[in-house]
Amino acid sequence: MANVLVTGAAGFIGSQLAERCLEQGHTVLGIDSFTPYYDPMLKRANVAQIGAHPSWTFLEGDLVDLDLVSLLDGIEVVFHLAAQPGVRASWGQTFDAYVDSNVTALQRLLEASVAASLERFVFASSSSVYGDAECLPTSEDAHLRPVSPYGATKVLGENLCRLYHLSYGLPTVALRYFTVYGPRQRPDMAFNRLIRAALEHEEIVIYGDGAQTRDFTFVSDAVDGTIAAAWNGVPGAVYNLGGGSRTSMNEVLDIIAELTGEELTVRRTARQTGDARDTAADTSDARAHLGFAPSRSLHEGLAEQVRWHRKALRSVPTRSRQGRQLVRETA
Ligand code: NAD
Ligand code: UGA
C-alpha cells in the first residue's frame, strides 16, 4: 500500500482515480483548485461522492501557489491529472490558463518531486499530442504534430517529464488518454452534451460532417491503466491508453438515439479549429507493460453514461445545476 497524491482530484477522471486508489487500500492526498473551466459545483459534487474515508485527505489549492515540497513529504506516487482541458477552447485569450495549469504547475510539481522519494510520477497527457496523426492506429513513436494549443501544452508537458527523467532520474510515466467518457464526464465533452440534449429534448450540435472518429475510452479503463502505470510503467516511457472502439460521431448519434429512446434533433455546424480528424491508439505497449485491457464496448459504456445522466436529471432537475458549461465554443 502506498501514499499517493492525485492532482485534479475533483475532476472527471481524477475523482474516480482517487476513489479506486482508496478502494485498493492506498492513502490518498487529493488536490484541486476548482478552476472555473466548468461549473465548480460539479467538481465539489465529485469530491462529495468520495465521501469520508480514513485514508483520504482533500486539499483545495492551486498547484501554482502551494508549498509542493512539504506536500510531497512521504508521497510515493504522484498522479498528475490537474490541467486546463479542452481542445477547442484553447485558442485566444484563454491560453494563459493553459500555460498556468498545464506548464507552470507541472514544472513546479516536477521540480518539487526531485527532492521527494517517488516510485513513479504519472502524467496525464493526451491523444491530442498527435494532432492529425501520420498513421492509424498511432503508436507512441509517431511524430507529434498537435493541431490545438492545448495539444501543444501537452507536448511541452511530456518533454518536461522526459527532461526531469533524463537529468534527475525522476521516474516519470506519461499516459496519452484517448477521449475518455462515462459517468462524471466533463460537461463540455461531446457525449455529455449529446446525451443531455437528447434527454432534455434540445438540439444537438455536431461539428463538421460527423464522420470524424475517436478511439473513445471508458473512464474506469483509463483509471485502471493509470494505476497500473504507477506500479508497472517503465520509467521514462509514454503509453497510449485508448478504448479500442474507434467510432464516428454519426455512429455515436445512432447509439445515443437507441439508448435514450429519443428522436434526436441534430444541427450541423462548421468543423471546429483545433479538432483532429481521427484518433486511434496502438495500445501494444500498454497491453504488454501495464496489462491494459479495456473492459467496455462503446455501447456498454454509453449505456452506463446514459444511466448516470438519467439519475442526475432525476435528482437535480434544473438545467443550470445539471452541468452549466462555462466554456464558450464557436459554432
Ligand atoms: P477535469 O477538468 O474534469 O479535471 C481536471 C481538474 O484539475 C479540475 O478539477 C481542475 O479544477 C483541476 N485543476 C486545473 N488546474 C489546476 C491547478 N493549477 N491546481 C490545482 N487543480 C487544478 O478534466 P479531466 O477530463 O478529468 O482530465 C484529467 C486529465 O486528463 C487532464 O490532465 C486532461 O488534460 C487529461 N486528459 C483528459 C482526457 C479526457 O478525454 N477527459 C483526454 C486526454 C487527456
Ligand atoms: C477530448 C478531451 O476533451 C480532451 O481534454 C482530451 O485531451 C482529448 O479528448 C484527447 O483525447 O486527447 P475530444 O476528442 O475533442 O477531446 O472529445 P469530445 O469533446 O468528446 O469531442 C469528440 C468529437 O465530438 C469532436 O470531433 C468534437 O468536435 C465533436 N463534438 C463535440 C460535436 O460534434 N458536438 C459537440 O457538442 C461536442
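Helices and strands here are DSSP runs numbered from the N terminus, a helix needing at least four residues and a strand at least two. With that in hand, the two ligands of this predicted model can be placed against the elements that surround them.

Start with ligand 2. Helix 6 (190–199) and strand 8 (203–207) each put at least two residues into the shell around ligand 2. Strand 8 makes the largest contribution, three residues. In all, 22 residues sit around ligand 2, and the ones that come nearest are Arg88, Ser126, Ser127, Arg186 and Asp275. Sorted by character, the shell around ligand 2 holds eleven nonpolar, six polar and five charged residues.

Several polar atoms line up with the oxygens of ligand 2. The side chain of Arg88 places an N or O atom 2.7 Å from an oxygen atom of ligand 2. Backbone atoms join in as well: a polar backbone atom of Ala190 is 3.0 Å from an oxygen atom of the ligand, and for Tyr177 the corresponding distance, again from a polar backbone atom to an oxygen atom of ligand 2, is 3.3 Å. On its own, ligand 2 has 700 Å² of accessible area, and the protein covers 95% of it.

Now for ligand 1. Its surroundings comprise 29 residues, with Asp32, Tyr38, Ser101, Tyr150 and Val180 coming nearest. Three elements each supply at least two residues of the shell around ligand 1, namely helix 1 (12–23), strand 5 (120–126) and helix 5 (149–168). The largest share, three residues, belongs to strand 5. By type, the shell around ligand 1 breaks down into 15 nonpolar, nine polar and five charged residues.

The polar contacts of ligand 1 draw on both side chain and backbone. In Tyr150, an N or O atom of the side chain is 2.6 Å from an oxygen atom of ligand 1. Val180 uses its backbone, with an N or O atom 2.7 Å from a ligand 1 oxygen, and a backbone N or O atom of Ile13 lies 2.9 Å from an oxygen atom of ligand 1. Taken alone, ligand 1 would expose 820 Å², but the protein buries 98% of that area.

Next comes a sheet. Strands 7, 9 and 11 form an open sheet in the order 7-9-11, with mixed pairing. Strand 7 (180–181) and strand 11 (245–248) are the edge strands, each pairing on one side only. Strands of a sheet pair through backbone hydrogen bonds, and they can do so in a parallel or antiparallel way. Strand 9 (residues 213–218) and strand 11 run antiparallel and are joined by four bridges. Within this pair, Thr213 stands opposite Ser248 of strand 11. Helix 8 (residues 249–260) packs on the sheet, where it touches strand 9 and strand 11, and its direction makes about 95° with that of strand 11.

Two backbone details in loops round off the picture. The peptide bond joining Leu136 and Pro137 is cis, with omega at about -10°. Pro137 is found in the loop that runs between strand 5 and helix 5, and these two elements also each supply at least two residues of the shell around ligand 1. The other detail concerns Arg184, whose phi is near 75°, a positive value in a residue other than glycine. Arg184 lies in the loop between strand 7 and helix 6.

Methods. Residues numbered from 1 in each chain as written. Chains lettered and ligands numbered in written order. Predicted model: local features only at pLDDT ≥ 70, side-chain atom pairs only at ≥ 80, totals over all residues. Heavy atoms only, no water. Near = heavy atom within 4 Å. Polar contact = N/O pair within 3.5 Å; in protein donor to acceptor, adjacent residues only side chain to side chain. Areas by Shrake-Rupley, 256 points an atom, 1.4 Å probe, with all protein chains shown as cover. Nonpolar A, V, L, I, M, F, W, Y, C, P; charged D, E, K, R; others polar. Pairing = 2+ DSSP bridges. Contact = heavy atoms within 4.5 Å. Axes fitted to C-alpha atoms, helices over the stretch in contact; angles between N-to-C directions.
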